[in-house]
Every structure is written in C-alpha cells, then in structure tokens.
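Please open the structure in your viewer and keep the selection tool at hand. This tour proceeds from one backbone feature to the next.

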Amino acid sequence: MTTSYQLKRADFIFKYENDWEKILSKCISRTPQELINELISSELKGRGGAGFPTGLKWKLAAEVVDATKYVICNADEGEPGTFKDREILSMVPYKVLTGMAVCGYVIGAKEGYIYLRGEYFFLQPELNKAIREFEYYCKGINLDFTIRIFMGSGAYICGEETALFESMEGKRGEPRNKPPFPSSYGYMGKPTVINNVETLAHTYTIFKYGAKRFYDLGVQYSRGSKLFSVSGDTPKPGIYELELGMSLADFVDEFGDGDTKAVQVGGASGFLVPRKRFDETAIGFQGKLTGISLPTGGSMMLFNSSRSMFNVLDNYLEFFREESCGQCTPCRVGCQQLLMGIKAVKRGEKNAKYLDKLLRLTETMKLTAKCGLGQSVANSFSSIVENFREEMIY
Amino acid sequence: MITKDEVCSVHTSTQKEKFDLLGNVIIDYDRKESNLIQILHMAQAIFGYVPADVQYFIADQMELSISKVNSVLTFYSFFSTQPKGKYTVSICLGTACYVRGGKEVLNKLKSVLGIDVGATTEDKIFSLSVMRCIGACGLAPAMTINNKVYKQVNPNKIPRILGMLK
C-alpha cells in the first residue's frame, strides 16, 4: 500500500495526445467485459464529487437488457469555485468524446449527449466541430455512435443527475426520487450512464496506459489524479492536476499566501477546514488516513485572515436559497430560515444559542431533503458555524 | 434545421415575421414536449425575451397548457420575461468573486447605471444582472457584458468599461 500525504503533481488530462483514433479502435477490439474489468481494477471514482466507482456504474448499465440506452456527459459545471470541465472541453475534447464512445460500446448505447452548462455557450462551436470529426471517424470503423450537445439554461440543480434528465426531457429541473437509479431508469426512462467530464477524460488515460498506471497514483481508496480548481486568496489561481491523498497542509504550503485561515474544499456544498485541522485532513474519497478525509469535485477556495467567514456563509446560503428548486420543503424552507437565522444572530436579535437550533435544522435537512443540494447545505453550514462561531456572532 | 445564428439575424423583421419564424422552429422540433427548452432558447433568440404572448403562442402550437410553458420558462434563470437592454452587464457573485469584492462592484454598477438588479436603463442600453459562478474563479471578481468576460474588475474600472461601450 502506498500512503503518501504529499502533494504530487501529475500530467495526464491536459497532455496533448493525438492518438485518439488508435485508442478508440483498440478499445472496440476488446470485449466490453475486459474494458469494465480494466476500469474496475483502476478504482476510478466519479470526479464530479460524489465518487461513485465508474467501473461499477458502467457494469450496472451494461447488465440491463434494453435496446435503447444513453451515455451522458455531465458538463453542467455549476459548483462555485469549479472551472476544470470548461478547460477539459476546450483543450482535450477528444478524450471526453472517446470516453463516451467507449462507454457506449460497453453498455450498448448508440446515442450520447453532452449536457453543457448554459454559461459555457461559447464552447459550443469548437465542440461541435470536434464532434463532427469524431462521428466521421466512428462511421469509418463501423461504430454506431452519435453525440449531441444539449444546452443547459442556468440552473445549478441540473447538475444533479436526475434533475439533468428532467431538464433534457423539457421539464423543470426537479430531481427524481432514487431508486430507481440512472443505470436502470435514466434519460427518457432508459438505462443511462452519466459521467462527469473529468471522469470520462480519465477513462482515456486508463484505456491508453492501462489500469495499473492510474492505480499507482494516489492512496488507498483514492486512486489516481484529479484536477483541482484553485481560487480565492492565492498567488497562483488556476487548474492543477494533483495526485489524490495529499494533506491539506501540503496543499496550503504550495498554494496559500502565507496567511491562509481556512480552505473551502468542494465548493458551496463542501466543507470548510480551519487552519488547525490542515494537518489531519487529506483530500480523497474515504478511509481513515490520519484524520478526516474529504471527497471533492475539485474546488479549493482559500481564505486569508482578512475574510469574514460570516460573509462567506451568507454568500453560500444566498446561493442555496436562490438555487433550491423548491420541490421539497426541507430544502426550500430550510435554506431561507438558515439565511434569516444567521442574519438575526448577527444583528443581535437572536442570541448565540440560536445557532445550535440552526445546526439542528441542517441535520434535519441532511436527513430529509430529496437530493444532494438540500442534504449538503449542512456541510458548509456546520463546518463554518462550528469553527468560526465567534465570527457569526460579533 | 433553422440554426440559432439565422435566428439571431432577424432583429429588424416585423412582429409577424418573428412569430412565423418561431412557428417554423416549433415544426422543426416536431412539436415535441421534450424539445420545449430548445424552443424557448430559440424564442428568446428571436424576440430577445419571452413575453406572455410568445408563451401563449408556444403553448398553442405545441398543444401544451400555458402553465406548463410558464413553469418551465420561469424555472431557468436564462430566460427572461422582460425586455433586455443592448448590453447585459452581469456581475458574478459566486463565492470566489464575492469575497474578492464582487458586491462592491455590483454597488458601483447600480449607482453608475442608476438601476437595480434585473432592471434595464431607460435608454434600453444596459441591463443589470447577477450570476452565480461562471467558472472564472481564478479571475475573480469577474464580470460579463454580453458574454465577454472582464477579469479582476474593481469599482474604479467600471465607469471606463461602461464608457467604452456607449
């Protein structure tokens, strides 16, 4: 077992490779089962943030018998502080398209869609060009697979997979109940594999270099590399590919401005880690390294001591209140009450104990909200309030 | 298939021509309910916004209820039921931009343009809106004017940026 908590750079995703035709041909000369096994042994987990094993996802969809299946690339990158997918789609679209086509071959799908965030409209012409060239090649090797772009319309919730299906079906983007899961009942009620842009780009690396190369990166439970979108109070904002499993202390050493008081890992729906816990926090999916371990969609936002954590939380809650789809009560009413609540405490209209009441409310939301949006409000709320309580009050 | 570029070039045509074009778009999309969002995108490209009479027209042509069309339309922040100015100025208030001073930029925009968020200036030149993270966190605070991104803006830069457009 390799355990490293050090920051190690990797360079796979953005590496320029002009052999996608070869990789695609090579993949479809292998059996679907072989490809699934390769993915499973690489231990690639979904890079959107939830971390579901990709190989298992493909396997489940492949096992369902249905003449119509779909592959969807989730490019509805809306988490505040995340901007990696945009870069992937503009720099190395072929890796994503290849990943989609191989997935289509594995599960038996002939149609693929890219759900592109409305704000990324400017990517569409170039991406369409790449798709046309790609489809032309597929035709040449008798691979029946088409890809179309579906433009999103500015709703954060549509990044949630079932809300995304609803939106593609021309409806309001309101999440469905799960189960059934997309692998058996997805877009148009058909078996669907939906993967993040980065996940698909990683499958390219795995199919090209083999599962072992990928597996050797990172640490136990968190294999491979991952793109991190670094922003906030840092002298070098940008996108970096790093191996998973590093400690947050190492990360801050590299990217901090020397005065980092906290890092928000995973965007608005992620966790805030205060300075005193940098050492014991590892960036990865699960498992007990030395302390807490955080999954992430790749957003790393650094705050220095000049920033008010109250303002940060206020901003998150306003965001959630705005983006809650309004379908289920815990999320719709909860987000409003949390926002009003912290403002009332700040103004002194409620005493500090009221914060505990609000913390219990987030627990309720975590248990009862229908989808990830309402459930994850508790993450940022409790991690900010518990660690920076005094800033909430004074 | 009618493309969005073709649609965008019809600014000078009459109201009737616009409705005819939208009718063709709807036929192009097979009147399928699953294409409603694409049709709304096209409607917004034709008219600049999607007012009530356009919503009724779409509902009628697609044999959907008006409440269905309206509920989908109002769910997504990209669609507007109000006319927009020539330039839509949007300031990002995602967290990275917010902590780096997005709100001060917004306040400056409000005072320079003399309008609130969601409104349009009287001369129909500027509309003001707020966005939630445009994926330009590394350039925070970011602002867009008709899809052009302005990076690291601050209140002092605002008059010059707007002045260059007028």
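**A tour of unusual backbone geometry**

Begin by selecting B:P141, which sits in the loop connecting β2 (126-131) with β3 (143-145) in chain B. The model is predicted. Now add B:A140 to the selection: the peptide bond that runs from B:A140 to B:P141 is cis, and its omega is near -10 degrees.

Remain in this part of chain B and select B:C133, also located in the loop between β2 and β3. What is the sign of phi at B:C133? Phi is positive there, about 60 degrees, although B:C133 is not a glycine. For context, most residues other than glycine have a negative phi, and most peptide bonds are trans. Is B:C133 buried or exposed? B:C133 has 28 other C-beta atoms within 10 Å; because a count of 20 or more qualifies as buried, B:C133 is buried.

Next, select B:Q152 in the loop of chain B between β4 (148-150) and α7 (158-165). B:Q152 is not a glycine, yet its phi is positive, near 40 degrees. Around B:Q152 there are 15 other C-beta atoms within 10 Å, so this residue is classed as partly exposed.

Finally, move to chain A and select A:P179, which lies in the loop between α7 (161-168) and β4 (192-196). Which form does the peptide bond from A:K178 to A:P179 take? Display A:K178 together with A:P179: the bond between them is cis, with omega near -10 degrees.

How values were computed
Residues are numbered from 1 along each chain as its sequence is written. Chains are lettered from A and ligands numbered from 1 in the order in which they are written. This is a predicted model: local features need pLDDT of at least 70, side-chain atom pairs count only at pLDDT 80 or more; totals for chains, interfaces and linings use all residues. Helices (H or I, at least four residues) and strands (E, at least two) are DSSP runs, numbered from the N terminus. A residue is buried if 20 or more other C-beta atoms lie within 10 Å of its own, exposed if 12 or fewer, and partly exposed in between; C-beta atoms are placed from the backbone.
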